[in-house]
Amino acid sequence: MEALRELFRDYRFAVGFVFLVLLAALAFLSFFSPYDPVRWLQVPRDEPPSWKHILGTNAKGQDVFWEATFAIRNSLVVALIAGLVSRVVAVLVGFLAGYKGGVVDRVLMGVADGLLVIPLFLILVLVAMLLREAMTIVNTGLLLAFFGWAWDARTIRAQILSLREREFTQTSLLSGNSTLSLVSKEYVPFTIPLIFSTLISNIAWAIGMEIVLAILGLVRLEIPTLGTMLQWAITRQAMLLGHWWWIATPLALTVILLVALYWLSVSVSEYLDPRMRIQRIGAR
Amino acid sequence: MDAIITVENLQAFYVLEVMGERKVIKAVNGVDFAVLRDEVYGIAGESGCGKTTLLKAIFAALEPPLRIFEGKVYYYPNGERVDAFSLAGEARRKLRWTYISYIPQGSMSVFNPVKRLRITFLDFLKSHVGGKREEELLTLAREHLVRLGLTPQVLNGYPHQLSGGMRQRVAIALATLLKPRVILADEPTTALDVVAQRAVLQLLRDVQKEFRSTIIVVTHDMGIHAQITDRMAIMYAGRIVEEGLTKDIFARPLHPYTRYLIQSLPKVGDKNTKESAPGSPPSLLYLPPGCSFHPRCSEVMEHCVQEIPPLKKINESHWVACWMREG
Amino acid sequence: MTVILETKGVSKVFSLGSWLSRVHLVAVDRVSLQIRQAEIFTLAGESGCGKTTTARMILGFELPTTGEIFYRGKRIDEFRDRKAWFQEVQAVFQNPFETFNPLRKVESYFFETVFNYHLRKDVKAAQALIEEKLQAVGLSFQDVAGKYPAEFSGGQLQRASIARALLTNPSLLVADEPVSMVDASLRMSIVNLFRTLRDSFGVSVVYITHDLATAYYVSDRIAIMFRGNIVEMGGVEEVLGAPKHPYTKLLLESIPEPDPERRQEKAMVFLEEREEYLRRGCKFAGRCPEKEEICSREAPQEVMVGGVFVRCHKHAR
Ligand SMILES: Nc1ncnc2c1ncn2[C@@H]1O[C@H](COP(=O)(O)OP(=O)(O)OP(=O)(O)O)[C@@H](O)[C@H]1O
Ligand SMILES: Nc1ncnc2c1ncn2[C@@H]1O[C@H](COP(=O)(O)OP(=O)(O)OP(=O)(O)O)[C@@H](O)[C@H]1O
Ligand SMILES: [Mg+2]
Ligand SMILES: [Mg+2]
């Protein structure tokens, strides 16, 4: 609570947080949508914004506003799955490799390096192409997670490696702590900022990646996401027809989302930076 | 009198907020002294009595929770008097490291562990010496290290590859790089073996002779004080309890605490049980009333419990804060 | 007297640099020593001569490159249960500012030690035990409670570190420069505490220090190390009273004497570190005032002279 109050003093955090809450509320609204997100021709097509349809309607005969609520919800779910799953993997691999060292370290880092050197984007496209029909929300998230942990696992491992050399590690062992409590009590406080900031940037990356895959037509296009909304708008020549609301809606939502995430990440990682934290501890 | 630093009635406290309760740690509690040009001034005292805090205040490195409650510290660059606490920004940056430099305690752990020492040295030089190429700066650093009897190869390594003693010497090298007028050295020899201690003493003496800089040495090692300082002060619980010429302090310690310090010095060849001062130093949070040494003093009088003894002049150069010496 | 800890020809080699320009640094070179029950054993010597590395190997934090270490006759790598091992053997580290995690309160290490080793059952009893150990080093619980390492002075951290190590009532205490930051008077009281632990509780202490005067005062035996080797080892009176190795003599001459009337102002020369490590003959030859022709050719063997081990050609004959 104390921490939150301090964080809110930073305008970047406050603004980012408010944006995210608004977007989340929007996503939540989707549960009360009067329309089915995938059915066509529920409303008149191609109508500009009006009181009835505040963001107009699209070429498939769907209300853009309500469609957007589903899109943001699905995009957030994809990104959260990708971010959280890859975080869990990165943390496990990083801690294990860093603390155990030796063979464990070499094997794990070998796998991570393998993932890092292959041209990630091509593989992603290839896999998506092969599995196109299976690219549901969850699967898209998992696919992105699979490619999103390697670099961060390396960074976490490097930090654990340097922490292991510090004398308080030994003091903790002398105090009778088990390996598990050593890691959770001594190391986690140092790695939390890293985990957190990589989580946020990973979420942002996943959102971007989903859009790219969608625009290339490599996910199930009938499921509304920020990416598929953009894809439909582009293929239906929104620009040419002057139907700006088809493009502007997903675009604005994406930009707001990315900016909010960026500010949150900057602010939180500054807040959690151990050096700053020591100063604050001193300041209390 | 040619003062280079004067400290007037300095009170520097740590103010902490612990579970809603305000705690004030009186680390420096009314300290007065002047350090002269071209001398080595020693400060000795019990662990935790505020020596490091005093140096931080002199260096005007005031980060919360450390706050100055009263008093002033003056510098004298080019003969004019400057209030150290009023300096800010560019003016302060200019004086730091060229007028006054600080070798912090435990300086072996101040190096950035993930940077090669060369980078640390270069960063330091770049931010203080303008208009030179990297190569020239490196040469400068190397020459300096050689002067201190260190191998310039240390620059290629990481801090953790050096032993504690070596790191300490490199830290001293870094702080004396710009040949400052005043050097504040906080426990500069603590991590070193006696042979290396001698080398550091030798080095500090050389710097002092060559550039006529003033050195303020804080150490609890009375051997170092005996070897290098001209004058010294004994601190106890945030106050100076005795000040005088080093040889007078050793020959005729006046304060009971100083006497304990001198008499508990062990010597090779002497296995007789040494008495240390009974009890333990007071918590700076809850200072005893009156003289803060009175609970441990063998000569305590009624007056000692009631009133803090002021620093009183005994002769030209010797001062002591003890009611026994009153009248 | 029973030997509780023994090292047999223990060496530690560190590899520095990248694999293209690898340098091998022999930090500890074939060290054999015995620590007996209820004795204070001092390890002294130059900065960087391998004292801390030896201590870390004794504690099992570092594996020896060659050689073996035995605790009560059992190889220390056979102690599978880390907790059981550290209940017996505790340590105080050299750098008090690194001993505790800067993001954690110092008191948490005390409580963890008490509860992990099941020394006390509830918080109140634990606190009483902690208070007792802190009092022994001149601190009180009140001074420690709720504070982070950055809020302590160096000497306070060192004393806290000693108090924590004493919580489990260890049989062997490895203390790496435990009093380097406290004043002469407190230093005496802590060193006197070591004496009490030895005399009343049969504790053995490995006391690593640069302060030869307290080493003389408190310890029974002493080993002088130079660049990874033990160059002289024996009873403290014999070694410091009548030094045989030229390095021991140099050490004794260099002690900053607490007497302003007798200043040692003679300059000294320092040689580069690595070069000497790699030299073929006696590692001290480069600085030895009593150097002979053989010294730069051949490494001296350890010999026993009047109950004292010396590694010097002069005494080999
Ligand atoms: N950042 C801080 N916050 C709170 N209290 C502090 C802080 N730094 C130091 N103190 C307290 O101030 C007192 C004086 O500390 P200081 O470091 O000046 O002692 P010292 O004389 O240098 O001791 P030592 O010889 O052990 O280094 C100590 O009681 C310490 O606990
Ligand atoms: N992890 C490491 N990697 C590489 N070299 C190391 C490592 N640890 C120690 N060394 C080197 O081994 C040598 C011995 O170091 P050690 O810390 O044991 O010395 P010490 O006798 O404790 O010194 P001091 O008195 O300064 O504490 C030093 O030259 C040091 O640079
Ligand atoms: Mg200090
Ligand atoms: Mg050491």
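A polar contact here is a pair of N or O atoms within 3.5 Å, one able to donate a hydrogen and the other to accept it when both belong to protein. With that in hand, here are some close-up views of this predicted model.

**View 1. A:H53 and its polar partner A:D63.** Let us start in chain A, where A:H53 sits in the loop that runs between α2 (11-29) and α3 (64-100). Its side chain reaches the side chain of A:D63 at 2.8 Å, which makes the pair a polar contact because the cut-off is 3.5 Å. Is A:H53 buried or exposed? A:H53 is buried, as its relative accessible area is 2%. Setting aside residues within four places in sequence, the contacts of A:H53 are A:Y35, A:V43, A:P44, A:E47, A:P48 and A:D63.

**View 2. The interface of chain B and chain C.** Here 61 residues of chain B meet 63 residues of chain C. Together the two chains bury about 5,300 Å², with 57% of that area on carbon and sulfur atoms. On the chain B side, look for B:R198, B:Q227 and B:K271, which lose the most area to chain C and together account for 15% of what that side buries.

**View 3. Polar links between chain B and chain C.** How many salt bridges does the rule find across this interface? There is one salt bridge, and it joins B:K271 to C:E237, with the closest N and O atoms 3.8 Å apart. The rule also finds 12 residue pairs in polar contact across the interface, both residues of each pair being at pLDDT 80 or more. Turning to the elements of chain B, those giving two or more residues to the side that touches chain C are α5 (164-175), α6 (194-211), α7 (222-228), α8 (246-251) and α9 (256-263). Of these, α6(B) gives the most, with eight residues. Sorted by class, this side of chain B has 22 nonpolar, 28 polar and 11 charged residues.

**View 4. The magnesium ion (ligand 4) and its protein donors in chain C.** Which protein atoms act as donors to the magnesium ion? They are OG1 of C:T52 and OE1 of C:Q94, lying 1.8 to 2.2 Å from the ion. The pair brings together distant parts of the chain, 42 residues apart: C:T52 belongs to helix α1 (residues 51-59) of chain C, and C:Q94 to the loop between β6 (89-92) and α3 (96-99) of chain C. C:T52 is partly exposed, with a relative accessible area of 23%, whereas C:Q94 counts as buried at 15%.

**View 5. A cis peptide bond in chain B.** Most peptide bonds are trans. The bond from B:P64 to B:P65 is cis, however, with omega near 5 degrees. You will find B:P65 in the loop between α1 (51-58) and β4 (66-75) of chain B.

**View 6. Positive phi at B:D38 and C:N169.** Most residues other than glycine have a negative phi. B:D38, not a glycine, has a positive phi near 65 degrees. This residue is found in the loop between β2 (21-36) and β3 (40-45) of chain B, and B:D38 is partly exposed, with a relative accessible area of 31%. In chain C, C:N169 is not a glycine either, and its phi is positive at about 50 degrees. C:N169 lies in the loop between α7 (154-166) and β7 (172-176) of chain C. Is C:N169 buried or exposed? C:N169 is exposed, with a relative accessible area of 56%.

Terms used:
Residues are numbered from 1 along each chain as its sequence is written. Chains are lettered from A and ligands numbered from 1 in the order in which they are written. This is a predicted model: local features need pLDDT of at least 70, side-chain atom pairs count only at pLDDT 80 or more; totals for chains, interfaces and linings use all residues. Side-chain values use heavy atoms; hydrogens and water are left out. Helices (H or I, at least four residues) and strands (E, at least two) are DSSP runs, numbered from the N terminus. Buried means under 20% relative accessible area, exposed over 50%, partly exposed in between (1.4 Å probe, protein chains only). Contact means heavy atoms within 4.5 Å. Buried area is the accessible area (1.4 Å probe) that two parts lose on being put together, summed over both. A salt bridge is a side-chain nitrogen of Lys or Arg within 4 Å of a carboxyl oxygen of Asp or Glu. Ala, Val, Leu, Ile, Met, Phe, Trp, Tyr, Cys and Pro count as nonpolar, Asp, Glu, Lys and Arg as charged, and the others, Gly among them, as polar. Donors are N, O and S atoms within 2.8 Å of the metal (3.2 Å for Na, K and Ca); water is not among the atoms, so sites may look incomplete.
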